[in-house]
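Biologist: I'd love a friendly tour of this protein. Could you walk me through it?

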Amino acid sequence: MYRDTARLIMYGNGRGDSVLMKLSDIFRRISEDGSAGDKDAYVREIYDQVYRILDIATRYGFDDNLWQCYIAYLLATDENPFSVICEKVGIDREHEDQASVNEIVKQDMQCFYRIFHFDFTEIEELLSVKCFSILTNYRSLAKDENTYNKSVSEKVKELAGALAGASGGYGFFAAVTDFYKKYGVGKFGLNKAFRIIDRELGEMELSPITHTSDVTFSHLVGYEIQKQQLVENTQAFVEGRKANNCLLFGDSGTGKSTCIKAVLNQYYDSGLRLIEIYKHQFRDLSHIIEQVKNRNYKFIIYMDDLSFEEFEIEYKYLKAVIEGGLEVKPDNVLIYATSNRRHLIRETWSDRSDMSADELHRSDTMQEKLSLVARFGVQINFSRPSKKEFEEIVLGLAAEKPEITLSREELLQKANAWSVRNGGYSGRVAEQFITKIGSTA
């Protein structure tokens, strides 16, 4: 194994701390020491790396041959110049031999082919261990999908299966490049959504959100016109046509955030990704866009429950990024926001007057505030439903719950009484009512 890892070129950079490289170094030292080495020390080092493989397998729900799943995981997440370009344009099979980089990667894939099928028998017999035999025929405990990253799990298992059936280095090359073209590479290729994590020294990182809602538009009863507006705008975006930044505003509990989650699920397979950001992180917006602008995905930067008090100035960063800064916002980035406020920034009665005790030309300040919402080309209103619409939402949600056997009249009577006690008519109140009735049915 250590001879193959030493020969890696494109895939050998930046992997020094990986399980593969650590095990390779241990095996090299065992080979050099022979029987004179401290076997107990080597066993401890190997067990440390086996634990790391088990930890990765638990986080991503791997099963069967964990070693092969791990190698597939390495190949799926290695963002190098070749994999990133392959993600964008794929491989021209008719002319692939004309590109020198392809020959370099094929050599790497030949090494990975041998590593993927590495026989651990000699090491196990020498050190009197069975850990690798267990790893290569592993049966995990049954667990709920919410306990691991299903999105990554499914893709890596698919790649591991393709690699297991591949013949030699060229078969590996074909399987890996097909995977990059289909799904992409790294965290953006394997995950749906991301959040910003602040690191030390002021650094930030886009961290995957491992468990996202699987809600679809069918779960949101009503608001058909609003849903259609959002779908049309997003459809144009993922197809590479011109699209607008989008503001979903209106009463609380009317499904604005649900629509954003549904649109992500609907267009994820078309390359849509979502980055969730809070207003105290708006200073990082330019840095975020810099990270994603050259990737082969469409990114929605998502701001939930967006609003600003009069003393808050973060909206100025947002205005500059959307329109107005020197750098043009890339075509693969849009901004979607939800808010209970139509104009996002809190207004006072003094904003409506050009006279103020402490400021001349008060209307200029008001125009500065209103200029933010004007940068959202699509503005969709989600208003509180009427009683009739509320009842339709209740009936629609109840139809998906076979355990609810109340008559129509009794169900609506209870729903209306529930709404009086719990905040009035809204989709959220209707969903909470159905949850309550379903749990006691």
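Biologist: How many helices and strands does the protein have?
Modeller: This is a predicted model, where local features need pLDDT of at least 70, side-chain atom pairs count only at pLDDT 80 or more, and totals for chains, interfaces and linings use all residues. Residues are numbered from 1 along each chain as its sequence is written, and side-chain values use heavy atoms, leaving out hydrogens and water. Helices (H or I, at least four residues) and strands (E, at least two) are DSSP runs numbered from the N terminus. The protein has 19 helices and seven strands.

Biologist: Is Gly250 of strand E3 buried or exposed?
Modeller: Happy to look! Strand E3 covers residues 246-250, and Gly250 lies in it. Buried means under 20% relative accessible area, exposed over 50%, and partly exposed in between (1.4 Å probe, protein chains only). Gly250 has 9% relative accessibility, so it counts as buried.

Biologist: Which residues does Gly250 touch, not counting those up to four places away in sequence?
Modeller: Contact means heavy atoms within 4.5 Å. By that rule, Gly250 touches Lys256, Ser339, Asn340, Asn381 and Phe382.

Biologist: How are H5 and H10 oriented to each other?
Modeller: Helix H5 (residues 81-89) and helix H10 (residues 168-183) pack at about 60 degrees, their axes 7 Å apart. Axes are lines fitted to C-alpha atoms, for helices over the stretch in contact, and angles run from 0 to 180 degrees between N-to-C directions. Angles under 35 degrees count as roughly parallel, over 145 as roughly antiparallel, 65 to 115 as roughly perpendicular and the rest as oblique. H5 and H10 are therefore oblique.
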